[in-house]
Amino acid sequence: MPPPRTGTEVLDLVRKSGFVAGRTLTNFLRTHGLLPHDPDEALALCVGGKILTDEQAGFIRRGGPAGFRRGKYVLIERLEFAVGEGYHAVHSFVKRRCTLLMLPRAAVEETFQPRERGFYASPPSHFALDHPNVVRMFDIDGDEWGRFLVLEHLDGKHLRVVLEQAGGRLPVGEACGCAIQAAVGLDHLHQNGVLHQRISPVTLFVCESGAVQLLFAGLDRWDLGEHVPSEEEYFAPEQFLDSALLNRCDCFSLGAVLYRMICGRPPFATEAELAMKISGRFANVLRSQMRRDGVPPALAPVLSRMMAVWPEERY
């Protein structure tokens, strides 16, 4: 949708957006009359009259997404998600702020639609997860344009973005703090019978408050996990095999992420290193690699245990 060029076009977009109730808009126009011809002046009047927020006015100034609404949700602003199209939004009835993450159409057509009735008849346990280190998932909703996940309001950045902005690595204390928070979140998942299976800098979210949260917990249970980016350099060796997975595969992945935060590179980044990991012949090489990459001696035993070859040897 192109940006508005006149006050009349601004008014049309405000009506389409769903940002303002019909009666509120009618009363506003009775008080203020027609909007100014200049779109910026028209939007300034709407913000001054408190029928639009600054964020909503910016959304309209840019033309906004089709319809400005998705199902029951009023869109506020677009987010730069590392995993797809996302928006800050507000539930149109209860006014709760949340985050919407659009699912690829393939996820809807191939996996979700055939299971929709069963999905709501027997909700998976990740909808009951409630922990400060786990991003809460409230619902899967949709409209004629597609389906989307309804998550709690997110205000921050993916760990991958944090690392990029920090020059590739974090101070050891900060990295350990992130890993500890993620480990607490994982413990909550595991106690509730949920494996994450995709721990990486993309699925760890660092909030403005400093809290670290796990994104996309439990999606594999409904075959939606394949639509979350997988970074194989953080996978445990057993995830490449056709075998049952234990909680400790998440421990391995978190160890690899901690290594990345401290050293500026994953422990298994090249094809040769990945092949060695898959084969399970990497314990001695990992120890020498940690010395080469500058892992603090006090952390080396911790990382070695987190990334042990055999799951039963990990934490």
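Biologist: What makes Arg 314 count as buried or exposed in this model?

Modeller: In this predicted model, Arg 314 has a relative accessible area of 1%. Buried means under 20%, so Arg 314 is buried.

Biologist: Why is the contact of Arg 314 with Glu 238 called a salt bridge?

Modeller: The side chains of Arg 314 and Glu 238 meet at 2.7 Å, N to O. A salt bridge requires a nitrogen of Lys or Arg within 4 Å of a carboxyl oxygen of Asp or Glu, and the pair therefore qualifies. Arg 314 lies in the segment after α12 and Glu 238 in the loop between β9 and α9, so the salt bridge ties together parts that are 76 residues apart in sequence. Glu 238 is likewise assigned as buried, at 10% relative accessibility.

Biologist: How do you know that Asp 141 and Lys 72 form a salt bridge?

Modeller: Their closest N and O atoms are 2.5 Å apart, and the limit is 4 Å; the pair is therefore a salt bridge. Asp 141 belongs to strand β5 and Lys 72 to the loop between β1 and β2, so parts 69 residues apart in sequence are tied together. Asp 141 is buried at 10% relative accessibility, whereas Lys 72, at 30%, is partly exposed.

Biologist: What makes Arg 61 and Asp 40 a salt bridge, and which helices hold them?

Modeller: The closest N and O atoms of Arg 61 and Asp 40 are 3.1 Å apart, which is within 4 Å, so the rule is met. Arg 61 lies in helix α4 and Asp 40 in helix α3. Values between 20% and 50% count as partly exposed, so this class applies to Arg 61 at 38% and to Asp 40 at 43%. By this rule the count comes to eight salt bridges.

Biologist: Why is the aromatic pair of Tyr 73 and Phe 148 called edge-to-face?

Modeller: The structure holds three aromatic pairs. In the pair of Tyr 73 and Phe 148, the distance is 6.0 Å centre to centre, with 85° between the planes. Centres must lie within 6.5 Å, and planes over 60 degrees apart count as edge-to-face, so both conditions are satisfied. Tyr 73 lies in strand β2 and Phe 148 in strand β6, so the pair ties together parts that are 75 residues apart in sequence. Both Tyr 73 and Phe 148 are buried.

Biologist: Why is the pair of Phe 235 and Phe 240 called tilted?

Modeller: The ring centres of Phe 235 and Phe 240 are 5.7 Å apart and their planes stand at 55°. That angle is neither under 30 degrees nor over 60, so the pair is tilted. Phe 235 is buried at 11%, while Phe 240 is partly exposed at 25%.

Note on methods
Residues numbered from 1 in each chain as written. Predicted model: local features only at pLDDT ≥ 70, side-chain atom pairs only at ≥ 80, totals over all residues. Heavy atoms only, no water. Helix = DSSP H or I, 4+ residues; strand = E, 2+ residues; numbered from the N terminus. Buried < 20%, exposed > 50% of the residue type's maximum accessible area, 1.4 Å probe, protein only.
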